[in-house]
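Reader: I would like a close look at one part of this model, the helix packing, with the residues that make each contact. Please place that part in the wider fold as you go.

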Amino acid sequence: MYDKFAPLLEQAITEPGIVSEAYRRFHRFSIGNQILAAVQLHQRDLPLSPIASFNRWKELGRSVCKGQKAISLWMPLTVKRRDKDDSSGDFGDTGEVFTVFKLAPRWFSLEQTEGEDYIEPVESLQWDAEAALAALDITLEHFDLMDGNVQGYAVRRRIAVSPLAEYPHKTRFHEIAHVVLGHTLESDCHDAASMPRSLQEVEAEGVAFLLCSILDLPGRDESRGYIQSWLEGGQLPEKSAQRIFGVSQKILEAGRPGDREAVTQ
């Protein structure tokens, strides 16, 4: 079982097709949970079909078959931070709250149930770049650099994409990610081939890979290669994996029409 985000992201990067396949079936869940559900169903040799809780299937006129084991998804828990008083040794609330994620085994797939016929509509893939930029308060400006090696850049809350970029949509996701991830708050980001292979670049390209995979856009193989090259055989920190999933979700929702429902990160 994947109890951390980093191994799940690594599998998504190394197994082509798993991200887009999971999104089409589990679009009502967050990106991390979409992939997590797909992985668990594949491990059990079950097809990617609608999932719901025990009670939800009951409401839909179906019941979970005897002996079936639930799949687990991440659920957010709000926790109050407690500090120890050095003088008394007692713990007290600091008033600070934060969110942690816990795996909860509550969901069953359609094949694990029986009863009335059920067909869930498959989500169409729609994403509007202008709407996303407006929602995220990011400005797309004219690309004015002369360096032909630069695909795009991000400056504070402004981005630009080179008209010569091989995959302009991937570059746009990459630069948007730099802004949303907070990389441009301290310094400007110019994505040239000569740049140091930093964790910031891995995070931004990780977001670009997930979004291109979900929206079935080209450039995923190149993105996968860049990520693996920047990691240089190292492991992606768990915190970075969480940021990649969270920011991908935020950018996706910013450009999607209508209300979105995400169970957790």
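Author: What follows goes through the helix contacts and then turns to a few single residues elsewhere in the chain.

The model is predicted. The protein has 9 helices and 9 strands. Of its 265 residues, 46% count as buried. Its accessible surface comes to about 14,000 Å², and 48% of that belongs to carbon and sulfur atoms. Among contacts between residues at least 6 apart in sequence, 67% join residues at least 24 apart.

The pair α1 and α9 serves as the starting point. Helix α1 covers residues 5-14 and helix α9 covers residues 238-254. The two pack with their axes 8 Å apart, at an angle of about 60°. Angles under 35 degrees count as roughly parallel and those from 65 to 115 as roughly perpendicular; α1 and α9 are therefore oblique to each other. The crossing of α1 past α9 is left-handed. On the α1 side, the contact involves Phe-5, Ala-6, Pro-7, Leu-8 and Leu-9. These meet Glu-238, Ala-241, Gln-242, Ile-244 and Phe-245 of α9. By type, the residues of this contact divide into 8 nonpolar, 1 polar and 1 charged.

Helix α2, residues 18-26, comes next. Of its 9 residues, 7 are buried, so α2 is largely enclosed by the rest of the structure. The buried residues are Ile-18, Val-19, Ser-20, Ala-22, Tyr-23, Arg-25 and Phe-26. Arg-25 and Ser-20 are thus listed as buried along with Ile-18, Val-19 and Phe-26. The elements that cover the buried residues of α2 include both members of the pair just described, α1 and α9. The cover also includes α3 (31-43), strand β1 (51-53) and helix α7.

Helix α7 takes part in a second helix pair, with α6. Helix α6 spans residues 168-180 and helix α7 spans residues 199-214. Their axes are 8 Å apart, and the angle between them is about 130°. Roughly antiparallel would require an angle over 145 degrees; α6 and α7 are therefore oblique to each other. The crossing of α6 past α7 is right-handed. From α6, the contact uses His-169, Lys-170, Phe-173, His-174, Ala-177 and His-178. From α7, the contact uses Gln-200, Glu-201, Ala-204, Glu-205, Val-207, Ala-208, Leu-211 and Cys-212. The residues of the contact of α6 with α7 divide into 7 nonpolar, 4 polar and 3 charged.

Glu-203 also lies in α7. Glu-203 has 4% relative accessibility and so counts as buried. Leaving aside neighbours within four places in sequence, Glu-203 is in contact with Leu-181, His-183, Ser-240, Arg-243 and Ile-244. Ile-244 is one of the α9 residues that meet α1.

Beyond the end of α7, Asp-216 sits in the loop between α7 and α8 (220-231). Its phi is near 55°, a positive value in a residue other than glycine. With a relative accessible area of 41%, Asp-216 is partly exposed. Asp-137 likewise has a positive phi, near 60°, in a residue other than glycine. Asp-137 is found in the loop between α5 (129-135) and β6 (139-140). At 55% relative accessibility, Asp-137 counts as exposed.

Two further residues belong to the strand part of the chain and a loop beside it. Lys-69 lies in the loop between β2 (62-64) and β3. Lys-69 is exposed, with a relative accessible area of 61%. Not counting residues up to four places away in sequence, Lys-69 touches Arg-44, Phe-108 and Gln-112. The C-alpha atom of Lys-69 is separated by 10.0 Å from that of Ser-109, 40 residues away along the chain.

Leu-77 has its place in strand β3 (residues 71-84). Leu-77 counts as partly exposed, at 39% relative accessibility. Apart from neighbours within four places in sequence, Leu-77 is in contact with Phe-98, Thr-99, Val-100 and Lys-102. Leu-77 and Val-100 are 23 residues apart along the chain, and their C-alpha atoms are separated by 5.3 Å.

Terms used. Residues numbered from 1 in each chain as written. Predicted model: local features only at pLDDT ≥ 70, side-chain atom pairs only at ≥ 80, totals over all residues. Heavy atoms only, no water. Axes fitted to C-alpha atoms, helices over the stretch in contact; angles between N-to-C directions. Helix = DSSP H or I, 4+ residues; strand = E, 2+ residues; numbered from the N terminus. Left-handed = near helix turned anticlockwise from the far one by under 90°. Contact = heavy atoms within 4.5 Å. Nonpolar A, V, L, I, M, F, W, Y, C, P; charged D, E, K, R; others polar. Buried < 20%, exposed > 50% of the residue type's maximum accessible area, 1.4 Å probe, protein only. Areas by Shrake-Rupley, 256 points an atom, 1.4 Å probe, with all protein chains shown as cover.
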